[in-house]
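I opened my notebook today to get to know a new structure. Here is what I looked up, entry by entry.

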Amino acid sequence: KYAKRCAKLENIEVHGTMYLLFLLLEKQLLTVKEAKQTIDQMIRQGWYCSPDLYAVIQQKLKKY
């Protein structure tokens, strides 16, 4: 939260983790399998993702 506030004060565009993962997918720097593994690992590590958001992410991953 602190980093996001600092970035906004400096007029730096702020994006979340899912934005970064999908950007890496688009640039073909990450495979769909790696993205899924990363998301699941984040959840195991304590990142909260609602079931609805998880379903949306899975649907978007299918487009790749």
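Which exposed residues does the face of α3 turned away from its buried side carry? I looked and found Lys33 and Arg44 there. I note that this is a predicted model.

**The other side of α3.** I then turned to the buried residues of this helix, which are Ala35, Ile39 and Met42. Looking down the axis of α3, I saw them fall within an arc of 60°, so they line one face of the helix. This fits a general rule: an α-helix has 3.6 residues a turn, so residues three or four places apart point the same way. I also checked what they pack against, and found α2 and α4.

**Length and end of α3.** I counted 13 residues, with 18 Å from the first C-alpha to the last, close to the 18 Å expected at 1.5 Å a residue. Just past this helix, I came upon Gly46 with a positive phi of about 115°.

**The core.** I listed the largest nonpolar core and got eleven residues, including Phe22, Ile39, Cys49 and Ile57. I traced at least two of its residues to each of α2, α3 and α4. The top contributor is α2, with four residues. I picked Ile57 for a closer look: leaving aside residues up to four places away in sequence, Ile57 touches Met18, Phe22, Ile39, Trp47 and Cys49.

**Cysteines.** How many disulfides does a search of the whole structure find? I got zero. I looked up Cys49 and found it buried, at 13% relative accessible area. Cys6, at 30% relative accessibility, went into my notes as partly exposed.

Note on methods. Residues numbered from 1 in each chain as written. Predicted model: local features only at pLDDT ≥ 70, side-chain atom pairs only at ≥ 80, totals over all residues. Heavy atoms only, no water. Core = buried A, V, L, I, M, F, W, Y, C linked by side-chain atoms within 4.5 Å. Buried < 20%, exposed > 50% of the residue type's maximum accessible area, 1.4 Å probe, protein only. Contact = heavy atoms within 4.5 Å. Disulfide = S-S within 2.5 Å. Expected span 1.5 Å × (residues − 1). Arc of directions from axis to C-beta.
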